[in-house]
Amino acid sequence: MIDALPEKGVPADQILAELRGLRSADLPTHGGRLFAYVYDPAVAGLDELARQAYAVSASVNGLDPTAFPSLLAMENALVGAAARLLGGDAATVGSVTGGGTESLLLAVKAARDAHPAVANPRLVVPSTAHAAFAKAAHYLRVGLDVVPVRELRADPAAMAAAIGPETVLVAASAPSYAHGVVDPIPAIAAVAAERGVRFHVDACFGGWLLPYLRRLGADLPPFDLSVPGVTSISVDLHKYAYAPKGVSVLLHATEELRRPQYFAHADWPGYPMINPVVSSTRSGGPIAAAVATLRSIGDAGYLDLAAATREAVGILAGAVTAVDGVRLHAPPETSVVCLASDGVDLFVLADELTARGWHTQPQMAYREMPPTIHLTVTAAVRATAASFRPDLADAVAAAAARGPAQVPDLPPLSPEMITPDLVAGLAADLGLGDGFSRMAEVNTLLNAAPPALREALLTGFLSLLQRPAAPA
Ligand SMILES: *Cc1c(COP(=O)(O)O)cnc(C)c1O
C-alpha cells in the first residue's frame with residue numbers, strides 16, 4: 001500500500017521505483033498482445049518524445065487561452081489537422097476535449113441547447129452506438145431512442161422513422177466500437193438533413209484510421225464532414241492518432257452549430273468563466289503530447305501505420321476463420337476483429353487466450369446478438385499477428401477440454417437487491433480477490449443477467465474496489 005501523504009517527503013528515486021512496481025501489475029501496453037484500452041503504433045522513440053512534450057506543457061492551464069497562448073495555438077493546430085483529414089472546409093470549427101465521451105457529451109449538449117423551446121429533447125442512435133451516448137443522455141436529461149440495426153449496421157429507414165418533433169440530434173458510428181462496422185453515413189445524413197435535425201458522426205474510434213484505409217483502397221463509404229447533412233464529427237487522438245490519453249477533437253460544420261456548446265458565466269464575484277468543454281482547469285500536457293505525436297508521425301507515417309493495421313486485421317481474421325470452434329461475428333472491415341463461438345464457451349476461451357498472453361475483450365450478449373470477443377487491432381499487432389493462429393487453436397482446444405464455466409446457483413436477483421454485502425460475498429465466491437485473469441465465471445454470471453442487474457452488480461463491485469487506502 002502506498003501512503004500518498006507520508007509524514008515526511010520521500011526521495012524521488014524511491015517514489016519512481018514504487019510507481020514502476022505498481023505498474024508491473026498492469027496489462028502490457030506495448031508488444032501487440034493487448035486488444036483493448038491501448039493503441040500502440042510500435043514506433044521507436046515516439047513514447048519518449050510524447051513524454052517530453054507532455055512535460056513541457058504539463059503545468060500550463062487551458063482555462064484561459066489569453067494567459068497561455070501556446071495552448072490556443074496547439075489546439076487550433078490539432079483542430080485544423082482534424083478538419084483537413086475529415087472533410088472540413090473554411091467554415092469548419094472545433095474544440096479539443098479530454099476524450100471521446102466528452103466530445104459526445106458536448107455534441108449532445110450543443111444540439112440540446114440549440115433548441116431551448118423543445119421541452120423534452122431526444123437523441124436518436126442505432127443500437128450499436130457507443131455507451132457514451134447513453135451517458136450523455138443520462139447526464140443531460142435528453143431522451144434516448146435506440147433503433148435496432150440490420151446486420152450490425154444502422155438502418156437509415158428505421159432511423160428516419162424514429163425522428164420526431166423533439167429529436168434534436170441523430171448520431172451514428174464510423175465505425176462502431178463493438179464490431180468495427182461503418183454505418184451508412186450518407187443515407188442517414190440525408191434523412192436527418194431532410195428533417196432539419198443535426199447529425200453527429202461518432203468517429204471517436206476510427207476517425208484517424210478510416211481516411212487512410214480509404215486511401216489504401218478499402219471499400220468504405222464516405223463518412224466525414226464532406227457528406228451533406230453531417231453537422232459534427234468526433235475523433236479521439238488517443239486512439240488511432242496514437243497520442244497519449246486525454247485528447248479528442250469535436251468538429252462542427254459551422255461556427256453557428258458550435259455556439260451552444262459553450263458555457264459562459266460572468267454573474268459571480270470571480271473571473272468571467274467561458275468554457276468550450278466540460279473541464280475548466282485542464283493541463284496542457286496531453287495537448288502538447290498530441291501535437292508532438294502528430295508532427296512526428298506525419299501523414300505518410302499514418303498511411304504506413306494504417307497499412308500495417310490492415311495487414312494485421314487480415315491475418316487475425318484469417319486465423320478466426322481457419323480455427324474450428326470460433327467464427328467471425330462481424331466483417332473485419334476496419335480495425336476490429338470480433339469473433340463468436342461455434343461450439344466453444346467464449347468466456348473460457350477468453351481466459352485461455354489470457355493464459356497464452358493474448359489479452360482480449362469479452363462482450364456480453366445483447367438482444368439477439370450472442371456474446372463475442374473483441375480485438376482492437378493496432379499497428380503493433382502486425383509483428384505478433386502470425387503467432388495468434390496456433391495459440392487460438394490451442395486455446396480453443398483447451399477451452400473445449402475444460403468445458404463451460406460453472407457458476408454458483410443464485411436466487412433470482414433484481415437490481416435493488418444488490419447490497420455491498422451481497423457483492424462482497426459473490427466476489428469472494430468467484431475468487432475475485434486473487435486477480436482478474438480467470439474471469440469466465442464472472443462473465444458467465446453477468447452474461448446471464450439482464451442489463452440492469454449487470455449494471456447494479458458491476459457498480460457494486462467497482463464500489464467495493466474503490467476504498468480509501470490506509471497506510472501500511
Ligand atoms: C472510445 C469510444 C468512445 C468514448 O471515448 P473515451 O475516450 O473512452 O471517452 C466513444 N465512441 C466510440 C466509437 C469509441 O470507440
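A polar contact here is a pair of N or O atoms within 3.5 Å; keep that cut-off in mind for the first view of this predicted model.

**View 1. Polar contacts to the ligand.** H238 puts a polar side-chain atom 2.9 Å from an oxygen atom of the ligand. The backbone joins in too: an N or O atom from the main chain of G100 sits 2.9 Å from a ligand oxygen. For D236 it's the side chain again, with an N or O atom 3.4 Å from an oxygen atom of the ligand. As for cover, the ligand on its own has 370 Å² of accessible area, and the protein covers 84% of that.

**View 2. The shell around the ligand.** Here's who surrounds the ligand: G99, G100, T101, L104, H130, Y177, D202, C204, F205, D236, H238 and K239. Sorted by character, the shell residues come out as four nonpolar, five polar and three charged. Helix α4, spanning residues 100-113, supplies the largest share of the shell, with three residues.

**View 3. A nonpolar patch on the surface.** Now to another part of the model. I2, I15, L16, L19 and L22 together make a nonpolar surface patch of about 410 Å². One of these residues, L16, belongs to helix α1, which runs over residues 12-23.

**View 4. Close-up of L16.** L16 has a relative accessible area of 40%, so this residue is partly exposed. Patch members need over 30% relative accessible area, and L16, at 40%, is part of the nonpolar patch along with I2, I15, L19 and L22.

Technical notes:
Residues numbered from 1 in each chain as written. Predicted model: local features only at pLDDT ≥ 70, side-chain atom pairs only at ≥ 80, totals over all residues. Heavy atoms only, no water. Near = heavy atom within 4 Å. Polar contact = N/O pair within 3.5 Å; in protein donor to acceptor, adjacent residues only side chain to side chain. Areas by Shrake-Rupley, 256 points an atom, 1.4 Å probe, with all protein chains shown as cover. Helix = DSSP H or I, 4+ residues; strand = E, 2+ residues; numbered from the N terminus. Nonpolar A, V, L, I, M, F, W, Y, C, P; charged D, E, K, R; others polar. Patch = residues over 30% accessible without salt bridge, like charges linked within 9 Å, V, L, I, M, F, W, Y side chains within 5 Å. Salt bridge = Lys/Arg side-chain N within 4 Å of Asp/Glu carboxyl O. Buried < 20%, exposed > 50% of the residue type's maximum accessible area, 1.4 Å probe, protein only.
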